[in-house]
Amino acid sequence: MPQPKVSIICPFRNEINELKETLDSFIKQTYKNKEVILIDSDSTDGSMELAKSYAKKYKFIKYFNNPYKPGRWATEFYIDAINRSTGSIIYMADANGKLAPDYLELTVKNLRGNIAGVVGKLRIWLSNSAISKYRDVIWTLRYDDVKRIEKEINEGRILPRTFLKEAYDKVGGFNPKAGWAVDTFFNKELLNKGYKIVYEPKAIWWHKWRDNPKKLIKYSFKFGKLNFDTAKTDRKQLCKISYFLLPFIVIIASIIDIRMLLLLILHPLPILLSTLNIFFKAKGHPNRRYSFFKPLISYMQNIPYSLGFLLSFTKSLFK
């Protein structure tokens, strides 16, 4: 039987540092029946010219520009790309995410029966920063734990980047109002409609996140602000947000009783215990020692996120 066609959809804007490796990983896929839909957004760093050169060289790569407008969600660009696609299977790519050569081949073969989506094994696209190496430890432990990933999949918490276009249409596609929570909404709709999502640990891909402290703090604040609608109904997130807002409450309370500041000494204790647990679990990992950066990175990431959430919560009270 002929291979079903896979449409790799990849929106981007100003991703010149990673885009070439990402595109090369699409080209090197052992899965032959594919197309690549590139959706630019007025890139100004050379990404536009690079993408156009690939589209000119390879017939299966198509380039489009969707004009940039501040405040637009990436969801809109993914929807645009899917609408332009012709494959029966979609791979939802990131411009800063590259694939192992057999990624599509390994994930597509799982799409049978009522299985509509496949999750691959995520690895960190490493840089020299401590943040990147710390994440390498955390995400390796997470994705090597098959039972944990399967549990998260069944809770609708992990996006199946390889999925059937037919299933996408049947659940109404991506919710354009979902913002950064597009994956959560989509996952749960698939599961609610009786579809299954599976984990393929042999299919590996690499993702590069912000690993500059200033950019991480700025991004985390923005994420907390924009992710309000999802986080407000998620008990785990609410508990985490409350935990990282607690130091501010303690500082305010210390105005009445200075002894309250002693509680700040206890606040990092759960994080320190978690750090030790990660260190022991990561035995043999080359970046194991970077697990001790957890307290610093946790505060750097979660305090801005919690403050962003609090800002959106405050605004919602006055609507």
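This passage describes the strand order, helix packing and selected residues of a predicted model.

The sheet of the model is open and consists of eight strands, arranged in the order β3-β2-β1-β4-β7-β6-β8-β5 with mixed pairing. Its edges are formed by β3 (61-65) and β5 (97-99), each of which pairs on one side only. From one strand to the next, the twist averages 30°. Helix α1 packs on this sheet, where it touches β1, β2, β3 and β5, and the direction of α1 makes about 25° with that of β5. Helix α5 (residues 130-144) also packs on the sheet; its contacts there are with β6 (115-124) and β8 (196-207), and its direction makes about 140° with that of β6.

Strand β1 spans residues 6-12 and is mostly covered, with seven of its seven residues buried. The cover extends to both faces of the strand: V6, I8, C10 and F12 are buried on one side, and S7, I9 and P11 are buried on the other. Strand β1 pairs with β2 (residues 34-40) in the parallel sense, through seven bridges. Within this pairing, S7 lies opposite E35, and I9 lies opposite I37. The connection between the two strands involves helix α1 (residues 16-27), and β1, α1 and β2 together make a right-handed β-α-β unit. Strand β1 is also joined to β4 (residues 89-92), by four bridges, and these two strands run parallel. Here I8 of β1 stands opposite Y91 of β4.

In soluble globular proteins, nonpolar side chains tend to be buried together. The largest nonpolar core of the model contains 62 residues, among which Y91 and F174 touch the most other members. Strand β6 supplies the largest share of this core, six residues. When neighbours within four places in sequence are left aside, the contacts of Y91 include V6, S7, I8 and I9, residues that belong to the buried faces of β1. The remaining contacts of Y91 on that basis are L99, Y103, L104, R161, T162 and W205.

Beyond the sheet, helices α11 (residues 235-253) and α14 (residues 294-317) form a helix pair whose axes come within 9 Å and cross at roughly 100°. Because this angle falls in the range of 65 to 115 degrees, α11 is roughly perpendicular to α14. On the α11 side, the contact is made by Q237, L238, K240, I241, Y243, F244, L245 and F248. The α14 side contributes S298, Y299, N302, I303, Y305, S306, L307, F309 and L310.

Two further residues were examined individually. F313 is located in helix α14. With a relative accessible area of 37%, F313 is partly exposed, because the value lies between the limits of 20% for buried and 50% for exposed residues. The C-alpha atoms of F313 and V6 are 41 Å apart in space, and the two residues are separated by 307 residues in sequence. R142 is located in helix α5. Its relative accessibility is 13%, so R142 counts as buried, the limit being under 20%. Residues up to four places away in sequence not being counted, R142 touches R148, I149, E152 and I158.

How values were computed. Residues are numbered from 1 along each chain as its sequence is written. This is a predicted model: local features need pLDDT of at least 70, side-chain atom pairs count only at pLDDT 80 or more; totals for chains, interfaces and linings use all residues. Side-chain values use heavy atoms; hydrogens and water are left out. Buried means under 20% relative accessible area, exposed over 50%, partly exposed in between (1.4 Å probe, protein chains only). Two strands pair if DSSP finds at least two bridges between them. A crossover is right-handed if, with the strands pointing away from the viewer, the path from the first strand over the helix to the second runs clockwise. Axes are lines fitted to C-alpha atoms, for helices over the stretch in contact, and angles run from 0 to 180 degrees between N-to-C directions. Contact means heavy atoms within 4.5 Å. A nonpolar core is a set of buried Ala, Val, Leu, Ile, Met, Phe, Trp, Tyr and Cys residues joined through side-chain atoms within 4.5 Å. Angles under 35 degrees count as roughly parallel, over 145 as roughly antiparallel, 65 to 115 as roughly perpendicular and the rest as oblique.
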